[in-house]
Amino acid sequence: MPPPPWTLTGRGLIALSAPGALMLVRYVASPVGPYDELLWAELTRTPAGWRPQVRAIVVSTRESVVWGRRNWGIPKHLARFDWTGSERVGDVRVTGEDGAEVARLGYQVGTWRVPLSTALLPSPLRTLAQPGLDGAGDWLLTPLEASGRVTPARLSVGHLRGLSPTPRRVRPLLTLGVPDFRLVFPVPQPLQIGQA
């Protein structure tokens, strides 16, 4: 059993739009091994106030599904990721366990890099708030710590129809490539309703 805290490293893309953030990630190291991830997060009104919340997410390994749900209340589902191209330019097709296409994306990542850290963000914007899953009643608050290097990038969204719930129109206002990062998921803090 891999309990938190977890330290993960990898690379990815973050596309920021008016309703939220779309993230495409390849973890090269984690307590459950390498895996791929596609997620949609929104700034949501929670019992703890406005916090980012993962609304839809698919990952490429069953271990990540099980422990992401159990440790932090992240509503992960299993999917297959088929990549073509290179780390800098390529496409990815994501399919669900039933074989239906979840998403199709294209990406292009720049070359120059600038260091960045979540320490620059106010605490509420880097604290994930997830409602209890599978019968758990408490909300879980997880203050994330991330650092790495970013570069301008482009993420072309063919479709996201298989994500559930399906994000509303995703038109990236800013897309950043993150060629290498380190992310720490600590032990979450339970928040009972009425405690905030």
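Which residue just after helix 1 takes a positive phi? It is G73, and the value is about 70°. Keep in mind that this is a predicted model. Most residues other than glycine have a negative phi, and most peptide bonds are trans. I will come back to both points.

Start with helix 1 itself. Helix 1 covers residues 62-72. Its buried residues are S64, V65, W67, G68, N71 and W72. G73 then follows the helix with that positive phi.

Next, strands 5, 6 and 7. Strand 5 spans residues 76-85, and strand 6 spans residues 89-96. The two run antiparallel, joined by seven bridges. A hairpin of three residues links strand 5 to strand 6. For a register mark, take A79, which stands opposite G96 in strand 6.

Strand 6 also pairs with strand 7, residues 101-109. That pairing is antiparallel, over seven bridges. Here the register mark is V94, opposite A103 in strand 7. Strands 6 and 7 form a hairpin too, with four residues between them. What is the phi of G99 in that turn? It is positive, about 90°.

Now the open sheet. Three strands make it up, in the order 9-10-13, with antiparallel pairing. Which strands stand at the edges? Strand 9, residues 127-130, and strand 13, residues 189-191. Each has a single partner strand, so one side of each is left without a neighbour in the sheet. From one strand to the next, the twist averages 25°. Strand 10 covers residues 139-143 and pairs with strand 13 over three bridges, in the antiparallel sense. Within that pairing, L140 has P190 of strand 13 as its bridge partner.

Let me zoom in on one acidic side chain. D36 sits in strand 3, residues 35-46. Is D36 buried or exposed? Buried: its relative accessible area is 9%. The cut-off is under 20%, so D36 counts as buried. What does its side chain touch through polar contacts? One partner is the side chain of R26, at 2.8 Å. Another is the side chain of W83, at 2.9 Å. Set aside neighbours within four places in sequence, and D36 is in contact with V25, R26, V58, V59, S60, F81 and W83. So R26 and W83 appear both as polar partners and in that contact list, with D36 itself buried because its relative accessible area is 9%.

On to the pockets. How big is the volume of the largest pocket? About 1200 Å³. It is lined by 46 residues. Nearest its centre lie I14, M23, T118, L121 and L144. Several elements give two or more residues to the lining. Among them are strand 1 (6-16), strand 2 (21-29), strand 4 (49-59) and strand 8 (114-117). Strand 11 (145-159) and strand 12 (174-185) are in that group as well. So are two elements we have already met, strand 3 and helix 1.

Last, the cis peptides. Which residues does the cis bond with omega of about 5° join? P4 and P5. P5 lies in the segment before strand 1. Another cis bond joins S164 and P165, with omega of about 0°. P165 is in the loop between strand 11 and strand 12.

To recap the places worth a look on screen. Look at G73 just after helix 1. Look at G99 in the turn between strands 6 and 7. Then find D36 with R26 and W83. Finish at the cis bonds of P4 and P5 and of S164 and P165.

How values were computed. Residues are numbered from 1 along each chain as its sequence is written. This is a predicted model: local features need pLDDT of at least 70, side-chain atom pairs count only at pLDDT 80 or more; totals for chains, interfaces and linings use all residues. Side-chain values use heavy atoms; hydrogens and water are left out. Buried means under 20% relative accessible area, exposed over 50%, partly exposed in between (1.4 Å probe, protein chains only). A polar contact is a pair of N or O atoms within 3.5 Å; within protein, one must be able to donate a hydrogen and the other to accept it, and residues adjacent in sequence count only if both atoms are side-chain atoms. Contact means heavy atoms within 4.5 Å. Two strands pair if DSSP finds at least two bridges between them. Axes are lines fitted to C-alpha atoms, for helices over the stretch in contact, and angles run from 0 to 180 degrees between N-to-C directions. On a 1 Å grid over the protein atoms alone, a cavity is a set of points where a 1.4 Å probe fits but cannot get out, and a pocket is an open set with protein on both sides within 12 Å along at least five of seven lines; lining residues have an atom within 4 Å of a point. Grid points are joined across faces, edges and corners, and a volume is the space filled by probe spheres set on the points.
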